[in-house]
Amino acid sequence: MVSDETSVDGTRKFALELADERRIESVFIPDTPSMTFCISTQVGCAMGCGFCLTGKMGLVRNLTAREIAGQVRVLAAVTRMLDHPINIVLM
C-alpha cells in the first residue's frame with residue numbers, strides 16, 4: 001500500500017502499487033448497509049474526463065483477476081472486514 005487517506009465522512013481511499021510499479025486506487029465506503037469496497041479493474045481509464053487524474057493518464061492496461069482479488073483482500077484486512085459481509089463495486 002502506498003497511501004491511506006480518510007475523509008471527514010469516514011470514506012478511505014487507498015493507493016496501491018502493483019508488481020509492475022503501476023498504481024491504482026481502491027476505496028472503502030463505510031456508511032452503507034453492508035459496507036462497500038470500490039475496486040479498480042484497470043490501470044488508467046479510457047474516458048479522459050478533464051477533472052479526473054486517472055482519466056488523464058489514459059488506459060494503460062486491464063488488471064488481472066489476481067490483482068482485482070488482491071485489492072479486496074488488502075482492503076478487508078486493513079479495514080478489519082475479513083469476517084463481515086461487504087458490497088463490491090468494480091470501477
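These are my notebook entries on a predicted model, taken in the order in which I looked things up.

**Entry 1: the sheet.** I began with the strands and found an open sheet of 5 strands, whose order is 1-2-3-4-7 and whose pairing is mixed. I noted that strand 1 (3-6) and strand 7 (87-90) are the edge strands, and since each has a single partner strand, one side of each is left without a neighbour in the sheet. I then looked up the twist, which averages 20 degrees from one strand to the next.

**Entry 2: strand 4 and strand 7.** I turned to the pair formed by strand 4 (residues 36-39) and strand 7, which run parallel and are joined by 4 bridges. Within this pair I looked up Ile39, and I recorded Leu90 in strand 7 as its bridge partner.

**Entry 3: the helix on the sheet.** I next asked which strands helix 2 touches. I found that helix 2 packs on the sheet and is in contact with strand 1, strand 2, strand 3, strand 4 and strand 7, while its direction makes about 145 degrees with that of strand 4.

**Entry 4: Met91.** I followed the chain past the edge strand and located Met91 in the segment after strand 7. Its relative accessibility is 45%, so I entered Met91 as partly exposed, a class that lies between the limits of 20% and 50%. The C-alpha atom of Met91 is 6.5 Å from that of Cys38, although the two residues are 53 apart along the chain. Leaving out residues up to four places away in sequence, I listed the contacts of Met91 as Glu25, Cys38, Ile39, Ser40, Thr41 and Gln42.

**Entry 5: the largest pocket.** I moved on to the pockets, and for the largest I noted a volume of about 350 Å³. It is lined by 18 residues, of which Glu25, Ser40, Gln42, Gly44 and Thr54 are the closest to its centre. I saw that Glu25, Ser40 and Gln42 had already come up among the contacts of Met91. Which elements supply at least two residues each to this lining? I found strand 3 (23-29), strand 5 (42-44) and helix 1 (53-56), and I noted that strand 3 gives the most, with 4 residues. Sorted by class, the lining of the largest pocket holds 10 nonpolar, 6 polar and 2 charged residues.

**Entry 6: the second largest pocket.** For the second largest pocket I wrote down a volume of about 190 Å³. There are 11 lining residues here, and those closest to the centre are Leu16, Glu17, Leu18, Glu67 and Gly70. Strand 2 (12-17) and helix 2 (65-78) are the elements that give two or more residues to this lining, with helix 2 giving the most, at 5 residues. I divided the lining of the second largest pocket into 6 nonpolar, 2 polar and 3 charged residues. Helix 2, then, is on record here both as a contributor to this lining and as the helix that packs on the sheet.

**Entry 7: positive phi angles.** Last, I looked at backbone angles, and I stopped at Glu21, which is not a glycine and yet has a positive phi of about 70 degrees. I placed Glu21 in the loop between strand 2 and strand 3. Is Glu21 buried or exposed? Its relative accessible area is 63%, so I entered Glu21 as exposed, the limit for that class being over 50%. Arg80, also a residue other than glycine, has a positive phi near 60 degrees, and I found Arg80 in the loop between helix 2 and strand 7. With a relative accessibility of 72%, Arg80 likewise counts as exposed.

Methods:
Residues are numbered from 1 along each chain as its sequence is written. This is a predicted model: local features need pLDDT of at least 70, side-chain atom pairs count only at pLDDT 80 or more; totals for chains, interfaces and linings use all residues. Side-chain values use heavy atoms; hydrogens and water are left out. On a 1 Å grid over the protein atoms alone, a cavity is a set of points where a 1.4 Å probe fits but cannot get out, and a pocket is an open set with protein on both sides within 12 Å along at least five of seven lines; lining residues have an atom within 4 Å of a point. Grid points are joined across faces, edges and corners, and a volume is the space filled by probe spheres set on the points. Ala, Val, Leu, Ile, Met, Phe, Trp, Tyr, Cys and Pro count as nonpolar, Asp, Glu, Lys and Arg as charged, and the others, Gly among them, as polar. Two strands pair if DSSP finds at least two bridges between them. Axes are lines fitted to C-alpha atoms, for helices over the stretch in contact, and angles run from 0 to 180 degrees between N-to-C directions. Contact means heavy atoms within 4.5 Å. Buried means under 20% relative accessible area, exposed over 50%, partly exposed in between (1.4 Å probe, protein chains only).
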